[in-house]
Structure formats: C-alpha cells, structure tokens
Amino acid sequence: MTGEFERRHGFPPGTNEVRSASRDDQTAARALAQAGLIPADLVTFYDSIGNVTWADVGNGYFLDAASDVLLRFQENGAVDAGADQKVAIGSNGGGLFYVAGPDGSVHRTRTSSLDEPELDKVADDLRQFLELLEQSLTRFVADSEPGSL
C-alpha cells in the first residue's frame, strides 16, 4: 500500500490522525472560551478532539490543538478581521490558514499571512466546516482530488 501511495502521489505517506484531547487541550479550550475568542461548539470539539492531521490529503488539512491555538493567540494576539477578532485554528498545508470567530463562522485566508489578512468565509459554523473537511477527504480517497477547501 505504501508503494502505491508513493507511486500515485510522488511522496511517501505521512501522518494522518485524529488525536484525542488531553487535559491540557481541554483547559486551553476553556481559556479561549472565557476570553470570548471561540464559539461553544469549538469548545465542545476540543473537549474530545486534540487535533486533526491529514498530511496526505492534497497539501494537507490540519486543525491545531487548542493549546497551540491559545499559545499563538498569547504570542501574536487575535487575527484582525475588522470588527471581529478571530483566532487561527488550522491550515490547509498550502500556506492558508483557517480562522474562527466567536460567532462560529470559519474563514480561510487568501494569503499565507495572518497580518492584515483577507478572508473568505468557508463555513457558517464548525459543523459545516467539518462536513466540508469530510467531503474533501472522501473526494481525495475516491479520485485523489482534495477539493477547494
């Protein structure tokens, strides 16, 4: 199977996993929620899921651990998106970031910078975003095309 993947994609398979949340992840999610930076559904997500790494789906899809999201916020502040403050929660492996705001919507940056980013809304809420991720995975398994997320 490894040889088939490498022949098909030109590189060896990487890590693909959904890691269970640790106590530190759960604590960090609650700290983000108390600061009003993430919606309740993301706190619920982080209560069970530590992080998501799909390194082999296109350029990759990554949802960062709550502890990493909190550390990035503490070091760099919130992503300035006009009136709304958002935090970076992951990336697509191609240099673009996913950011979420307190209203629950998820956006993707147009460039690889979080400084004065231009954002495109990709989902109204976390559930829709996770469904889009699932569709990207399903499509990639079927025809090696990761979609446009």
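Here is a chat between a trainee and a mentor about a predicted model of a protein chain.

Trainee: Let's start with the overall fold. What pattern of helices and strands does the protein chain follow along the sequence?

Mentor: Bear in mind that the model is predicted. The chain holds five helices and eight strands. Read along the sequence, they come in the order α-β-α-α-β-β-α-β-β-β-β-β-α.

Trainee: And what is the radius of gyration of the protein chain?

Mentor: For its spread, the C-alpha trace covers about 45 × 35 × 25 Å along the principal axes. For 149 residues the globule rule gives 15 Å, and the chain comes close to that, so it is as compact as a globular protein of that length. The radius of gyration is 15 Å.

Trainee: What share of the contacts with a separation of 6 or more comes from residues 24 or more positions apart?

Mentor: Let's take burial along with it: buried residues make up 40% of the 149 residues. As for contacts with a separation of 6 or more, the share from residues 24 or more positions apart is 47%.

Trainee: What about the surface? How much of the exposed area do carbon and sulfur atoms supply?

Mentor: The protein chain exposes about 8100 Å². Of that area, carbon and sulfur atoms supply 46%.

Trainee: On to charges. How far apart are the mean positions of the positive and negative charges?

Mentor: Count them up and you get 12 positive and 24 negative charges. Take the mean position of each set, and the separation is 3 Å.

Trainee: How many salt bridges are there?

Mentor: Side chains of opposite charge can pair when their charged atoms come close. The cut-off here is a side-chain nitrogen of Lys or Arg within 4 Å of a carboxyl oxygen of Asp or Glu. By this rule the count is seven.

Trainee: Which residue does Arg 30 form a salt bridge with?

Mentor: Arg 30 sits in helix α2 (residues 23-34), and its partner is 17 residues apart from it, in helix α3 (residues 40-48), linking distant parts of the chain. Arg 30 is partly exposed at 42% relative accessible area, and the partner is partly exposed too, at 33%. The closest N and O atoms are 3.1 Å apart, and the partner is Asp 47.

Trainee: Is Asp 64, the partner of Arg 72, buried or exposed?

Mentor: In this pair the closest N and O atoms are 2.6 Å apart. Arg 72 is partly exposed, with 21% relative accessible area. Under 20% is what it takes to be called buried. With a relative accessible area of 16%, Asp 64 is buried.

Trainee: Next pair: by about how much of the helix are Arg 127 and Glu 131 separated?

Mentor: These two form a salt bridge, with the closest N and O atoms 3.4 Å apart. Arg 127 is exposed at 62% relative accessibility, while Glu 131 is partly exposed at 36%. Both lie in helix α5 (residues 126-143), and because they are four residues apart, the separation is about one helical turn.

Trainee: Which residues are linked in a network of salt bridges?

Mentor: Here the salt bridges join up into a network. Its members are Arg 110, Glu 118 and Asp 120.

Trainee: Which residues does Ser 91 touch, leaving out those up to four places away in sequence?

Mentor: Ser 91 is part of strand β5 (residues 84-91). Its relative accessible area is 18%, so Ser 91 counts as buried. Its contacts are Gly 60, Tyr 61, Phe 62, Leu 96, Phe 97 and Tyr 98.

Trainee: And which residues does Val 43 touch, with the residues up to four places away left out again?

Mentor: Val 43 lies in helix α3 and is buried, with 17% relative accessibility. From Val 43 to Gly 90 it is 47 residues in sequence and 15 Å in space, C-alpha to C-alpha. The residues Val 43 touches are Ala 29, Ala 33 and Ile 38.

Trainee: Last one, on backbone angles. What value is phi of Glu 116 near?

Mentor: Glu 116 is in the loop between β7 (106-109) and β8 (119-123), and it is exposed at 75% relative accessible area. Ser 144, in the segment after α5, has a positive phi near 65°. For Glu 116, a residue other than glycine, phi is also positive, near 50°.

Notes:
Residues numbered from 1 in each chain as written. Predicted model: local features only at pLDDT ≥ 70, side-chain atom pairs only at ≥ 80, totals over all residues. Heavy atoms only, no water. Helix = DSSP H or I, 4+ residues; strand = E, 2+ residues; numbered from the N terminus. Buried < 20%, exposed > 50% of the residue type's maximum accessible area, 1.4 Å probe, protein only. Contact = heavy atoms within 4.5 Å. Rg over C-alpha atoms; globule rule 2.2 N^0.38 Å. Areas by Shrake-Rupley, 256 points an atom, 1.4 Å probe, with all protein chains shown as cover. Lys, Arg positive; Asp, Glu negative; His and termini not counted. Charge placed at Lys NZ, Arg CZ, Asp CG, Glu CD.
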